[in-house]
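Hi there,

Here is the structure I promised to pass on. Have a look at it first, and my notes follow below.

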Amino acid sequence: MSQSIEIDQRFENLRQELRRGSLPLAVLAALRVEHYGYTLRKTLAEHGMAIDEGTLYPLLRRLETQGLLVSQWREEDKRNKRFYRLSADGKSILKQLLTEWKSIHASLEDIF
Amino acid sequence: MELVDRYLHAVKFWLPRKQKHDIIAELSEDLRSQIEEKESELGRKLSDAEVEPILKRCGSPIAVAERYLPQRSLIGPALFPIYCMVLRWLFLYFLLPWFLLWLGIAIFSPDFQADHPGIGILGSLEPWWLACTHALFFDTLAFALLDRSQVRSQLVNTWNPRSLPAVRDPNRIPRSGTLFEITFSVATLALWLQLGAFHRTFHALGVTVILSSLWPYFFWALTVLSLASACLGCLNLSNPRWTPLSACLRLGIDCYCWGLVYWVCRAALLQSLAVDGLSSDKAAALVRSINSLMANSAIWVMAIGLLVMFFDVRRILRLRPIVEAK
């Protein structure tokens, strides 16, 4: 019983590690359309890439610091919200990352 | 919303000053959006009990704030293993022997016990505690400074496989050491046999030394020791690798050697002394001083002997089987 829990735990750790690596790509791809944090989380969740706020907001901040995103505080529904979208650099990097992703996917398919 | 405000306030406390406002505004917006969505689903305001799971899922305030902070460490992963190694060495080869020596003196020395009665004996350990804290402090400080200097990048980036240390065979016995041991044992034996076991009086350079009746025992004991050392040296010369047999013989000879030295220190071998121009009273006082000094140094001899035996036992436990080349 405990061995089964341990295997589940190990699988869960590896699964999260695998998904964590793909999160920046998912976020950049989703931000081809402008979003604020909450709607971005919902969009990602709808596509099966659920991400908690504690992970998403620091990631957005990091991507913005790297110049891949631009953000703007705007009022919507009487509340201030920070909207994010891809920058010009972000678009170029996203294109390269997608190519890399496809290459990794093809390689893994080849190995499987 | 009081719970949300309290939560945000707690997160804010841990955030970097410049980003506090921005991060809290964004997090607040997200939490309030989640709550509003839930409220529109239920058609009523959420109670505190219903808000609580939303905040708990978000994570503890310090954990949430930590994700916004840059990763910081006093000593980075490149130098941390070396830092640990230095600390281990300091403990094993400096602090632990010191402590064991203190323990030996505290248990076996009546003079020391008289100087530090009762619980006061622990007070004599103060320099050791001070050395512990200094070792920890200066090791940490040195490595923290190194981590921020150019040394770290040199260590990580400018290395060369050729500059790495050669692989050392832990079972190999250096021939130079073996040759030295044989030469020393044979030379000692040659000089020793000239002295002889049956004379207890020796004259040299105007000094007459008379040894106690225990002298013949010591003479033969040392002769046996020199012979045993020479034999082990020859064995090691023919097979310059530690084997269970040679390592056990080494331990046996070292036990015997340090036991003998300890016995000599306490045996008061020097019976009397006559020096030209020195009165008999002064010569007797000198004999007493020499014997007393030797007796007092017995504890140090025991400490060194125990240390030598510790390394001998460790060698036996660490002996690796010889892998035959196929």
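Helices α2(B) and α3(B) are oblique to each other, because their axes make an angle of about 140° and oblique covers whatever is left once angles under 35 degrees (roughly parallel), over 145 (roughly antiparallel) and 65 to 115 (roughly perpendicular) are taken out. Helix α2 spans residues 20-42 of chain B and helix α3 residues 48-58 of chain B, with 11 Å between the axes. Axes here are lines fitted to C-alpha atoms, for helices over the stretch in contact, and angles run from 0 to 180 degrees between N-to-C directions. Helices (H or I, at least four residues) and strands (E, at least two) are DSSP runs, numbered from the N terminus. The crossing of α2(B) and α3(B) is right-handed, meaning that the near helix is turned clockwise from the far one by less than a right angle.

Before you go further, please keep in mind that this is a predicted model: local features need pLDDT of at least 70, side-chain atom pairs count only at pLDDT 80 or more, and totals for chains, interfaces and linings use all residues. Residues are numbered from 1 along each chain as its sequence is written, chains are lettered from A and ligands numbered from 1 in the order in which they are written, and side-chain values use heavy atoms, with hydrogens and water left out.

A second helix pair in chain B is α5 (residues 80-108) with α8 (residues 126-147), whose axes come within 11 Å and cross at roughly 165°. These two helices are therefore roughly antiparallel, and their crossing is right-handed. Among the residues making the contact (heavy atoms within 4.5 Å) are B:Leu90, B:Phe94 and B:Trp98 of α5(B), and B:Trp128, B:Ala135 and B:Phe143 of α8(B). By class, the contact of α5(B) with α8(B) has 16 nonpolar, 1 polar and 1 charged residues; Ala, Val, Leu, Ile, Met, Phe, Trp, Tyr, Cys and Pro count as nonpolar, Asp, Glu, Lys and Arg as charged, and the others, Gly among them, as polar.

Now to the aromatic rings. Over all chains there are 18 aromatic pairs, where rings of Phe, Tyr and Trp (its six-membered ring) pair if their centres lie within 6.5 Å, and planes under 30 degrees apart count as stacked, over 60 as edge-to-face and the rest as tilted. A:Tyr36 and A:Phe83 are edge-to-face, with ring centres 5.4 Å apart and planes at 70°. A:Tyr36 sits in strand β1 and A:Phe83 in strand β3 of chain A, so this pair ties together parts 47 residues apart in sequence. Both A:Tyr36 and A:Phe83 are buried (under 20% relative accessible area; exposed is over 50%, partly exposed in between, with a 1.4 Å probe and protein chains only).

In chain B, B:Trp215 and B:Phe218 make a tilted pair, 6.0 Å centre to centre with 55° between the planes. B:Trp215 is buried at 4%, and B:Phe218 is buried at 12%. Both belong to one aromatic cluster with B:Trp192, B:Phe219 and B:Trp220.

Which residues does A:Lys81 contact, leaving aside its neighbours within four places in sequence? They are A:Tyr36, A:Gln72, A:Trp73, A:Arg74, A:Glu76 and B:Glu29. A:Lys81 lies in strand β3 of chain A and is buried, with a relative accessible area of 3%.

Best wishes
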